[in-house]
Amino acid sequence: QSLASDPYVAAAASGTWASGGDLNTASRRNAGAGTLTAGLEWGNYPGTAPAGAVTEEYDGTSWTNVNSLNTGRQGSMGFGVQTAAICVGGGAGDPVPGGTNTEQYDGTSWTEVGDIPVARRAGMGGGTSAAGLAAGGFSPNTAASSTSTTWNGTSWAAANALNVIHGYTQGAGTTSPTGFVASGESAPGAEIANSESFDGTSWSAMANVTNARASGMGAGSSTAAVIMGGSEPPPVATIGVKTEVYDGSAWAAAGDLATARGSGAGFGTQTSAVVAGGSPPTVAATEEFSVPATVTVAQEGQ
C-alpha cells in the first residue's frame with residue numbers, strides 16, 4: 001500500500017531540496033556514487049572533446065579535488081561508495097560511441113579493471129564495487145539499448161535484458177546487484193514513462209513515472225527511489241526541476257529542484273540524495289534532498 005492511500009497518514013512528507021556546496025569544476029554529463037556525507041563525482045563534457053577526467057569528493061558540506069580518472073569521459077555510469085566506486089562506459093566526446101573502459105576508485109586513486117563487453121553511455125549503474133549492475137543507455141552511440149550487464153568485482157557478465165529500451169535513463173541501486181531504471185527515451189526525442197526493477201536475475205515492470213523524462217538523475221533503490229530533473233517530452237521539451245519519489249508501489253511528486261538541470265550526477269538514498277552539476281547551462285550547483293519523518297495520527301475511534 002502506498003503512503004498516499006494509507007488512512008492513518010495525516011501528512012506524508014514529500015521531500016525538499018536544500019543548497020549544498022558547489023563543485024570546484026562546473027560539470028555536465030558527469031556521474032557519481034556514495035552518500036550525502038561521503039560522495040564522489042567524476043567526468044565532464046566541456047563542449048568539445050576530450051571529455052574531462054576531474055574527480056571530486058563530497059563530505060556533506062564541500063567538494064575537494066582528488067586524483068583524476070585515467071580516461072576522461074562523459075555519460076559514464078557509476079555505483080558503489082566513496083572509497084570503493086566503479087565508473088563504467090562513457091565517451092571521450094560527442095558524438096562518439098560509448099566506451100567499454102571500467103575504472104575502480106579506492107578512496108585515493110583510480111585503477112583500470114575489467115572492460116564491459118558492450119560499449120555504452122548514458123545508462124544506469126547500481127550496486128556495490130563487488131556486485132554491480134549497468135543497464136540501458138546507448139550502445140554504441142545513437143541506438144538506445146535494453147542491454148543489462150552485471151559486475152562481480154572482477155569482470156562483467158551478460159544479464160537478462162530490460163523489458164523496454166531505455167536511453168538517457170535515470171536509475172540507481174544501493175544493494176548488490178539490484179537496482180531500477182526510470183523513464184528515459186526509446187528513440188531520439190521520444191521520452192517514455194516506463195520504469196523497471198532488477199532483482200539480481202531479471203527485470204520487472206514498476207509503476208510508470210508521472211512525468212516522462214530523459215537525462216534526469218536518480219538515487220535510492222528499487223523500493224525507495226527518487227528521480228529529478230531531465231528533459232520532458234514536447235511541447236514542454238525543457239530541462240526540468242520536477243522530482244518524484246517511489247515507495248515500492250507508486251510515484252509521487254516531491255519538492256522541485258532550485259536549479260533546473262539534466263545530465264548531472266545523482267547519488268545517495270531516497271531520503272538523503274545529492275545532485276551535482278548538470279546543464280544547460282553547465283552548473284556547479286549541488287543540492288541535497290531530504291524527507292522528514294511522516295506524521296501519523298490514529299483516526300477517531302481507533
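Pro281 sits in the loop between strands E24 and E25, where strands, labelled E, are DSSP runs of at least two residues, and helices, labelled H or I, are DSSP runs of at least four, numbered from the N terminus. The peptide bond that leads from Pro280 to Pro281 is cis, with omega near -15°. This is a predicted model, in which local features need pLDDT of at least 70 and side-chain atom pairs count only at pLDDT 80 or more, while totals for chains, interfaces and linings use all residues. Residues are numbered from 1 along each chain as its sequence is written, and side-chain values use heavy atoms, with hydrogens and water left out.

Another residue to find in the loop between E24 and E25, the latter being residues 286-290, is Ser279. Ser279 counts as buried because its relative accessibility is 10%; buried means under 20% relative accessible area, exposed means over 50%, and partly exposed lies in between, as judged with a 1.4 Å probe on protein chains only. If its neighbours within four places in sequence are left aside, Ser279 is in contact with Arg28, Ile239, Arg261 and Gly262, contact being defined as heavy atoms within 4.5 Å. Thr111 is 168 residues from Ser279 along the chain, and the C-alpha atoms of the two are separated by 28 Å.

Going back along the chain from this loop, the reader comes to E24 (residues 272-276), which runs antiparallel to E23 and is joined to E23 by five bridges; two strands pair if DSSP finds at least two bridges between them. A hairpin with two residues links E23 to E24, and Ala265 stands opposite Ala276 of E24. Strand E23 covers residues 265-269, and four of its five residues are buried, so E23 is largely enclosed by the rest of the structure. In the loop between strand E22 (251-254) and E23 lies Ser263, which has a positive phi of about 55° although it is not a glycine. Ser263 counts as partly exposed, because its relative accessibility is 23%.

A positive phi is also found at Arg29, another residue other than glycine, where the value is near 55°. Arg29 belongs to the loop between strand E2 (16-19) and E3, and it counts as partly exposed because its relative accessibility is 21%.

Strands E3 and E23 are among the elements that give two or more residues to the lining of the largest pocket. This pocket has a volume of about 690 Å³. On a 1 Å grid over the protein atoms alone, a pocket is an open set of points with protein on both sides within 12 Å along at least five of seven lines, whereas a cavity is a set of points where a 1.4 Å probe fits but cannot get out, and lining residues have an atom within 4 Å of a point. Grid points are joined across faces, edges and corners, and the volume is the space filled by probe spheres set on the points. Of the 46 residues that line the largest pocket, the closest to its centre are Ala31, Gly123, Gly171, Gly264 and Gly266. By class, the lining holds 14 nonpolar, 29 polar and three charged residues, where Ala, Val, Leu, Ile, Met, Phe, Trp, Tyr, Cys and Pro count as nonpolar, Asp, Glu, Lys and Arg as charged, and the others, Gly among them, as polar.

The aromatic rings offer another view, with 11 aromatic pairs found in a search of the whole structure. Rings of Phe, Tyr and Trp (its six-membered ring) pair if their centres lie within 6.5 Å, and planes under 30 degrees apart count as stacked, over 60 as edge-to-face and the rest as tilted. Tyr105 and Trp110 form a tilted pair, 5.1 Å from centre to centre with 45° between the planes. Tyr105 is buried, with a relative accessible area of 0%, and Trp110 is buried too, with 5%. The rings of Tyr246 and Trp251 have their centres 4.9 Å apart and their planes at 40°, so this pair is tilted. Ring pairs also link Trp42, Tyr105 and Trp110 into a cluster.

Strand E9 (residues 102-105) and strand E10 (residues 110-113) run antiparallel and are joined by four bridges, with Gln104 opposite Thr111 of E10. Their hairpin has four residues between the strands, and within it Gly107 takes a positive phi near 100°.
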